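Open your viewer, load the model and keep the selection box handy. We will go stop by stop, picking a few residues each time.

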Amino acid sequence: MLRITYDALKDESLKSILTNVVSVCKELQIEYFVLGATARNIWFAAGNEKPETTKDVDFALYVAHPDDYINLKHRLIYEYNYVKSTVNEYCLITPQGRQVD
């Protein structure tokens, strides 16, 4: 398992996003993976390479029942002030304006 600091990613808002999503996933017993450019940046930071910028954070979730995903969305919205996307039902917007898919 890679162990890096949030400072190594050079992305201040990423810490709260990962903390929020991971916390709710653990509480709801939802398995998750970080994907896309964020995963690449974690890999780069672990190898002391400069992370590149990305506007969104992509997660893959394993949900046994559709209600699990609905509960995850509701918790992020009501406890962490995320907002539903108006164009994609599988996307939320963080209070900082970052897209979480």
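Leaving aside its neighbours within four places in sequence, which residues is Leu76 in contact with? Select Leu76 and show what surrounds its side chain: the contacts are Asn20, Val21, Val24, Asn81, Tyr82 and Leu92. Keep in mind throughout that this is a predicted model.

**Stop 1: the nonpolar core**

Now widen the selection to Ile17, Val21, Phe59, Leu72, Leu76, Tyr82 and Val100. These residues have the most contacts inside the largest nonpolar core, which has 16 residues. Colour helix H2 (12-27), strand E2 (56-62) and helix H4 (66-80), since these are the elements that give two or more residues to this core. H2 gives the most, with six residues. As background, nonpolar side chains in soluble globular proteins tend to be buried together.

**Stop 2: along helix H2**

Stay with H2 and look at the helix from end to end. H2 has 16 residues, and the distance from its first C-alpha to its last is 24 Å, close to the 22 Å expected at 1.5 Å a residue. Next, pick out the buried residues of H2: Ser13, Leu14, Ile17, Leu18, Asn20, Val21, Val22, Val24 and Cys25.

Zoom in on Leu14, which is found in helix H2. Leu14 counts as buried because its relative accessibility is 3%, and the cut-off for buried is under 20%. Add Arg98 to the selection and draw a distance between the two C-alpha atoms: Leu14 and Arg98 are 84 residues apart along the chain, and these atoms are separated by 9.0 Å.

**Stop 3: the cysteines**

How many disulfides does the structure hold? The count is zero. Select Cys25 and you will find a residue that counts as buried, at 0% relative accessibility. Then select Cys91, which is buried too, with a relative accessible area of 3%.

**Stop 4: a charged network**

Show the side chains of Glu27, Arg75 and Glu79, which are linked in a network of salt bridges. The count of salt bridges comes to two.

Begin with Glu27 and Arg75, whose side chains meet in a salt bridge at 2.1 Å, N to O. Glu27 lies in helix H2 and Arg75 in helix H4, so this pair ties together parts that are 48 residues apart in sequence. Glu27 counts as partly exposed, at 49% relative accessibility.

Now move to Glu79, which forms a salt bridge with Arg75; here the closest N and O atoms are 2.5 Å apart. Both Glu79 and Arg75 lie in helix H4, four residues apart, about one turn of the helix. Glu79 is partly exposed as well, with a relative accessible area of 44%.

**Stop 5: strand pairing**

Switch to a cartoon view and select E2 together with strand E1 (residues 31-35). E1 and E2 pair in the antiparallel sense over five bridges. To see where they meet, click Glu31, which stands opposite Tyr62 in E2.

Then add strand E5 (residues 99-100). In which sense do E2 and E5 pair, parallel or antiparallel? They pair in the parallel sense, over two bridges. Asp56 is the residue to click here, as Asp56 stands opposite Gln99 in E5.

**Stop 6: loops with a twist in the backbone angles**

Most residues other than glycine have a negative phi. With that in mind, select Gln29, whose phi is near 55°, a positive value in a residue other than glycine. Gln29 is found in the loop between H2 and E1. The residue is exposed, with a relative accessible area of 72%.

Asn81 is another one to inspect, with a positive phi near 65°. Asn81 lies in the loop between H4 and strand E3 (83-84) and counts as exposed, at 54% relative accessibility. You have already come across Asn81 on this tour, as one of the contacts of Leu76.

**Last stop: Asn88**

Finish in the loop between E3 and strand E4 (92-93), where Asn88 lies. Asn88 counts as partly exposed, at 31% relative accessibility. Select Asp101 alongside Asn88: the two are 13 residues apart along the chain, and their C-alpha atoms are separated by 8.9 Å.

Terms used: Residues are numbered from 1 along each chain as its sequence is written. This is a predicted model: local features need pLDDT of at least 70, side-chain atom pairs count only at pLDDT 80 or more; totals for chains, interfaces and linings use all residues. Side-chain values use heavy atoms; hydrogens and water are left out. A nonpolar core is a set of buried Ala, Val, Leu, Ile, Met, Phe, Trp, Tyr and Cys residues joined through side-chain atoms within 4.5 Å. Buried means under 20% relative accessible area, exposed over 50%, partly exposed in between (1.4 Å probe, protein chains only). Contact means heavy atoms within 4.5 Å. The expected span of a helix is 1.5 Å times one less than its number of residues. A disulfide is a pair of cysteine sulfur atoms within 2.5 Å. A salt bridge is a side-chain nitrogen of Lys or Arg within 4 Å of a carboxyl oxygen of Asp or Glu. Two strands pair if DSSP finds at least two bridges between them.
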